[in-house]
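Dear colleague,

I am passing on the structure below, and I would be glad if you could look through it alongside the notes that follow.

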Amino acid sequence: MTDFSQRLNYLRKGIDELDSQLVQLLAKRAELTTQVGQVKAETGMPVYVPEREKALIAKRRAQAEEAGVSADLTEDLLRRIMRESYHTQNNRYRCVNPEAGNIVIVGGRGALGRVFVGLFEKSSYNVSVVEKDDWEKPAIATVLANAKLVVVAVPITLTESVIRRLNNLPRDCILADITSVKAKPLEAMLETHQGPVVGLHPMFGPDSPGMIKQVVVVCHGRHEASYEWLLQQMITWGAALHYSSAEEHDQAMAYIQVMRHFNTFVYGAHLKGENPDLRSLTVFSSPIYRLELAMVGRLFAQAPELYADIIFHNPKNFALLRRFHNRFGDALDVLESGDKKAFIKQFLSIGKWFGDYAKKCLVGSKRLLLKADDDEMLRK
């Protein structure tokens, strides 16, 4: 064996030992974060404390710079470690309102319904689930008659009809829904139930492990003080609450959900029609294009009924999609005319509309792209 090989083996052995120590340190850290979670559950502190995380990252970045280590690398590692630690902390949560009584999740065996059932159970609430086959059972009338909170977690197309079946709830029972449209369900709840009413939209999918760092939109309905404990409970679960009118929410969702989902659907349909080799596309793609392709693939790995309900629910959104279609055609006309100056002029105009947010996206997306390139992620 050459001196070079011996030296290389010696250095590699040192790296292996350090890597082993890193694993041991992660295990010790996990033990501590689990204990932190227990303390938070007992005291009612939220799992996610933004100020604490921000201060910790700033301190470690400064330490990394002093040590001659990449501050960005240090931050990336810490954020990944902290994300994992949040999940080890969420075995139990404090029950904000021990006197809340019986909680009923209508559709609690559905994808998002199960998330809510799990969160309430981790906070030691008494939770009952009602599914579509349960309505005719005599016991369900008793369950609803004793309910103090009813959360409607059913598909969009069923939400209003299910709400109208809940017309005999106790006057002090809170009625809430968690669908992705708010105006019509909120109106239906206010008409059906005379007690506390609130519209909620969790801005995350059922594959989320919980509410940590997730946004939940809150649309006030009636008797806000009566359901304040519910909002505080979601904060304890780690959620960030955003308050909005139902109308403002639905207008935003037309762009955030309807337009994006439909655009992705058409992109997928076009790929199917052209029939390129997906493996070849991923091999030739840089990280950003693999991410974009992954978002298209993600859509078609899920239930089509969910996206059909979102897109078809409000025909008023079809006009928005038609305008998008027209603008696509206008842009294609510019290309076919060969007017590159017109294209650049429009490009600059759009960039001006985005303003500083475009630069923020450029910087932030670089971090995502570095992660996407690890282990040749998202290659077919």
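**Aromatic cluster**

Tyr125 has a relative accessibility of 7% and therefore counts as buried. Please keep in mind throughout that this is a predicted model. The ring of Tyr125 lies with its centre 5.7 Å from that of Trp229, and because the two planes stand at 35°, the pair is classed as tilted. Tyr125 belongs to the loop between helix H4 (111-122) and strand E2 (126-130), whereas Trp229 sits in helix H8 (residues 228-236), so that this ring pair ties together parts that are 104 residues apart in sequence. Trp229 is buried as well, at 12% relative accessibility.

Tyr125 also pairs with Phe120, and here the geometry is edge-to-face, with 5.6 Å from centre to centre and 85° between the planes. Phe120 has a relative accessible area of 0%, and is therefore buried. Ring pairs join Phe120, Tyr125 and Trp229, together with Trp237, into a cluster, and the structure has a count of 8 aromatic pairs.

**Salt bridges**

The count of salt bridges in the structure is 11. One of them joins Arg79 to Glu75, with the closest N and O atoms 2.9 Å apart. These two residues are 4 apart within helix H3 (residues 71-89), which means that about one helical turn separates them. As general background, an α-helix has 3.6 residues a turn, so residues three or four places apart point the same way. The partners nevertheless fall into separate accessibility classes, since Arg79 is partly exposed at 33% relative accessibility, while Glu75 is buried with a relative accessible area of 8%. Both Arg79 and Glu75 belong to a network of salt bridges that also links Glu53, Arg61, Asp72 and Lys213.

A further salt bridge is formed by the side chains of Lys137 and Asp134, at 3.0 Å from N to O. In this pair Lys137 is partly exposed, at 44% relative accessibility, whereas Asp134 is buried, at 9%.

Lys182 and Asp177 also form a salt bridge, their closest N and O atoms being 3.0 Å apart. In this case Lys182 is buried, with a relative accessible area of 0%, and Asp177 is likewise buried, with a relative accessible area of 0%.

**Ile140 and its surroundings**

Asp134 comes up again in the contacts of Ile140, which touches Val130, Asp134 and Trp135 when residues up to four places away in sequence are left out of the count. Ile140 is found in helix H5 (residues 138-145), and at 9% relative accessibility it counts as buried. For a sense of distance across the model, the C-alpha atoms of Ile140 and Gln257 are separated by 34 Å, the two residues being 117 apart along the chain.

**Domains and helix H13**

The domain assignment divides the protein into domain 1 (1-89), domain 2 (102-244) and domain 3 (249-375), and the C-alpha centres of domain 1 and domain 3 lie 36 Å apart.

Helix H13 (residues 317-337) has 21 residues, and from its first C-alpha to its last it reaches 31 Å, close to the 30 Å expected at 1.5 Å a residue. Which residues of H13 are buried? Asn317, Leu320 and Leu321 are buried in this helix. Seen down the axis of H13, the buried residues fall within an arc of 95°, and so they line one face of the helix. What covers these buried residues includes helix H9 (246-274). On the face turned away from the buried side, H13 carries the exposed residues Arg322 and Glu336. Just after H13, Gly338 takes a positive phi of about 75°.

When you go through the model, the places to begin with would be the ring cluster of Phe120, Tyr125, Trp229 and Trp237, the salt-bridge network that includes Glu75 and Arg79, and the buried face of H13.

With best wishes

Definitions and conventions. Residues are numbered from 1 along each chain as its sequence is written. This is a predicted model: local features need pLDDT of at least 70, side-chain atom pairs count only at pLDDT 80 or more; totals for chains, interfaces and linings use all residues. Side-chain values use heavy atoms; hydrogens and water are left out. The expected span of a helix is 1.5 Å times one less than its number of residues. Buried means under 20% relative accessible area, exposed over 50%, partly exposed in between (1.4 Å probe, protein chains only). The arc is that of the directions from the helix axis to the C-beta atoms. Contact means heavy atoms within 4.5 Å. Domain bounds come from an automatic or database domain assignment. Rings of Phe, Tyr and Trp (its six-membered ring) pair if their centres lie within 6.5 Å; planes under 30 degrees apart count as stacked, over 60 as edge-to-face and the rest as tilted. A salt bridge is a side-chain nitrogen of Lys or Arg within 4 Å of a carboxyl oxygen of Asp or Glu.
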